[in-house]
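Me: I've got a model open and I'd like to go through some of the labels on it. Can you tell me what stands behind each one?

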Amino acid sequence: MTQPTSPALRLEGIVKTFPGVKALDNVSLDVMPGEVHALMGENGAGKSTLMKVLGGIYQPDEGLIYVGDTAVVMSNPLDSKGKGIVFIHQELSLAEELSVAENVYLGELPVKSFGRVDWETLYKKTDTILAKLKVSFNARTRVGDLSIANQQMVEIARALTVDAKAVIFDEPTASLTDAEKLVLFEVIADLKDQGVGIVYISHRMEEIFKMTDRVSVLRDGQYQGSLLTADTNEEEITQMMIGRKLDLTRAPLNHELGDIALEVRDLSCGSSYRNVNFQVRCGEVLGFYGLVGAGRTEIAETLFGLRQPNTGTILLDGEEMHIRSPSAAIRAGISLVPEDRKTQGLVLGMNCRDNMTLPQVDDMTAGPFVSDGAEVAVFDLYRDRLDIRTPGWRQTVGNLSGGNQQKIVIGKWLSMHPKVLIVDEPTRGIDVGSKSAIHKLIRELAASGYAIIVISSEMPEVLHVSDRIVAMFSGEIIRTFTAEDVTEDNLIQAISGIKSK
Amino acid sequence: MISDFIKRNLSTSAIWLFIIFELLFFSIAGHYLSFSDGEFMDLGNMLLLLQQSAPIGIIAVGMTLIMVNGNIDLSVGAVFAIAGIVMLDSMTWGMFSGLGDWVIIVSWILALAAGALLGAINGLIVWKTGVDAFIVTLGSMLGYRGLVFMFNGENPTSHLNWTLVDFAEAQFLGFNTATWFLAGSVLVIWLVTRYTVHGRNAYAIGNNRTAAVNAGIRVGPHMVINFVIIGFLAALSAVVFYSGSGSVNPNDGQLYELWVITAVVLGGTKLAGGSGSVIGTLGGVIAIQLLRKGLGYIGADTSTVNLVIGLILIVVLFLDRQLNVKGAQELKV
């Protein structure tokens with residue numbers, strides 16, 4: 001095959017060592033102009049380190065970076081941007097109080113005499129870029145008033161202010177709804193048509209197959225190879241990532257269901273959700289599926305006492321409950337594994353044991369003091385039971401991988417012996433290998449008698465773990481599916497608001 | 001493992017290294033510069049230093065708890081003055097005239113209760129309104145100071161009770177009363193932060209408030225308790241100090257809040273909350289006092305002392321930031 005053009009971006013033999021770890025071991029990667037190149041790997045495989053080398057945050061110990069035909073040294077992020085390498089990060093870094101235009105040209109505002117900002121040029125230039133992105137807001141809009149998806153568009157607009165040779169998208173769809181994703185994909189396609197090389201980092205297989213031309217995989221800091229997306233499949237990529245096969249078939253649902261653990265009748269809460277009715281039995285996993293903003297998280301927060309409903313009743317073991325605070329919910333036997341474990345679920349600076357025993361440390365005292373032994377016993381028990389990989393309980397939780405962090409949160413609640421366990425987005429930001437471990441765990445917990453509610457935005461996940469699935473659209477339950485009558489098609493229809501008979 | 005341990009304790013141990021440095025520096029520099037005959041590291045001098053550290057130190061112990069929580073209390077100086085007035089003035093009240101020297105106990109209890117009450121007011125406002133503790137206590141700092149002036153105008157409030165003075169100047173095992181109170185406060189709050197549920201929750205709340213709420217911790221009442229504790233300790237500091245001096249000037253305790261915060265921060269507690277230790281704070285308090293005394297010893301005047309302490313605070317925080325940024329980056333790998 002002849003290659004008429006040279007790659008837009010090429011990394012050759014990159015080595016980066018940190019004390020005790022070889023984070024990158026001879027990694028090579030090339031991105032052609034007009035190509036969408038997926039970079040995959042489990043968390044900790046070296047993707048972020050590689051991107052930091054590319055962005056000039058780290059300097060490689062060995063290896064070269066080429067932009068076009070010239071070898072370059074990226075001395076800092078600004079330098080990297082100046083050389084045409086632009087990053088769209090998962091976490092947005094925008095000044096919310098400023099206008100879109102000011103954010104797009106932040107640090108490079110056009111000036112006229114006496115250092116005054118040339119607002120006219122600024123707005124004109126910004127609007128030109130925004131027109132390319134086909135967005136609904138203009139240069140003067142305050143960024144804080146935009147949705148997350150639109151804020152991401154501002155980030156992309158920022159990338160377009162320079163003559164970008166390559167754009168790196170790092171988990172761009174993590175917080176987007178399906179509709180917003182489509183807009184993002186269009187923008188990526190446009191960039192591609194303009195001959196920009198694109199590196200697309202994502203954990204989501206559907207996106208990889210929909211969007212990308214080639215897939216490169218990293219594992220433990222080593223380059224595992226590149227495949228043409230058209231020639232490969234999910235299993236092959238997963239195997240390259242984790243070095244073994246992944247089981248994503250339906251779990252067998254053959255255990256016995258117990259009594260009704262939780263029942264919700266006609267529950268409404270402002271504009272978040274209306275007339276919600278459902279039941280969960282002991283031993284059952286009830287999935288909640290819907291778009292972001294459909295009201296699922298709000299229902300979970302109500303059950304956990306973080307929100308008060310306007311009307312309706314919550315029955316726990318047949319008894320009516322008024323849950324006014326998380327501490328009341330915990331006492332009643334309802335636990336919540338929140339959507340974002342880092343900001344809502346864990347005290348990242350504390351060690352594993354203290355995080356796990358946080359809600360029950362009150363009951364673990366000897367005299368006025370906390371009993372070390374009781375705490376360690378609980379930690380050891382759930383570390384073994386949930387297979388939490390940590391060097392010891394003294395390890396700071398912030399240093400664990402996403403999967404192990406999530407297991408700490410789950411262990412925290414299991415040790416309280418709840419009746420109902422609500423898990424909001426059980427595997428968000430968790431690598432593929434640990435995902436299936438979490439799924440298996442949820443099934444096992446159900447089998448051992450817990451009533452479990454799983455809220456997920458990932459269809460394969462909700463299909464995989466649930467006995468029944470509640471489909472929500474814009475604050476209402478459209479339909480409750482059983483394992484027998486659910487299909488991908490009717491589930492998608494339901495969460496898009498199409499009611500079937 | 002060992003390097004891990006050092007890293008974890010670096011922010012606390014750094015202040016003690018700094019103290020050793022100060023001691024050596026002033027001993028050597030004093031040899032050439034000092035006009036006084038005595039050695040700097042003289043036992044009597046060191047004991048005096050601990051005694052003089054007590055008023056700021058006792059409050060700083062409470063401030064550590066508040067700052068680990070992610071809050072701050074700017075009203076401690078005013079609470080200090082009010083508690084002093086309550087103690088000295090109540091000893092002259094007619095209704096206690098029959099008590100003899102027992103009035104001391106009653107006055108102490110009243111003063112300590114006043115401090116706890118003022119702290120509780122701060123805490124309740126922070127809890128119930130959700131307004132930032134900085135703003136709430138900035139307001140109460142002005143308000144409480146207003147109360148001090150309303151009580152006796154510009155005039156000092158004085159009362160001398162010789163039994164009380166004897167108590168304040170007493171020594172036990174070589175240490176002065178004030179030093180014992182400082183040591184006691186450090187010990188109690190250290191036990192609280194290190195070994196109790198309350199202490200555990202304090203770190204959890206400062207580190208991640210949302211996660212603490214989600215773990216069922218009642219954050220509001222927890223914070224109120226901490227404000228009560230610091231109010232109580234500010235009053236305890238006043239009680240110890242004014243037992244000896246017997247006279248409260250309405251401007252007393254001004255800028256105490258800033259000295260206290262300086263000591264706590266020097267001791268390695270983060271302004272953002274979630275980490276810090278009382279032992280570090282004790283180091284911070286002693287470091288400042290050493291600096292004051294040492295600079296005086298080699299002949300510097302008060303304004304120079306303030307300048308140097310200010311510079312050192314900034315340098316220390318800069319170094320701390322450098323160390324922590326490096327640490328944080330290594331962790332991300």
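Reply: Sure. This is a predicted model, and a good place to start is the pairing of strand β7 (residues 166-170) of chain A with β8(A), where five bridges join the two and they run parallel.

Me: What makes β7(A) and β8(A) count as paired strands?

Reply: Pairing takes at least two bridges, and these strands have five. So the label holds. One bridge sets I168(A) opposite V199(A) in β8(A).

Me: How do you know that strand β3 (residues 36-40) of chain A pairs with β8(A)?

Reply: By the cut-off of at least two bridges. Four bridges join β3(A) to β8(A), and the two run parallel, so they pair. Here H37(A) is the residue opposite V199(A).

Me: Which elements make a β-α-β unit with β8(A), and what is its hand?

Reply: β7(A) and helix α6 (residues 178-193) of chain A do, and the unit is right-handed. That word applies because, with the strands pointing away from you, the path over the helix runs clockwise.

Me: Why is β8(A) called mostly covered?

Reply: Buried means 20 or more other C-beta atoms within 10 Å of a residue's own. In β8(A), residues 197-201, five of five residues are buried, so the label fits.

Me: Which residues of β8(A) lie on each face?

Reply: G197(A), V199(A) and I201(A) are on one side, with I198(A) and Y200(A) on the other, and all are buried. The split makes sense because side chains in a regular strand alternate between the two faces of the sheet.

Note on methods
Residues are numbered from 1 along each chain as its sequence is written. Chains are lettered from A and ligands numbered from 1 in the order in which they are written. This is a predicted model: local features need pLDDT of at least 70, side-chain atom pairs count only at pLDDT 80 or more; totals for chains, interfaces and linings use all residues. A residue is buried if 20 or more other C-beta atoms lie within 10 Å of its own, exposed if 12 or fewer, and partly exposed in between; C-beta atoms are placed from the backbone.
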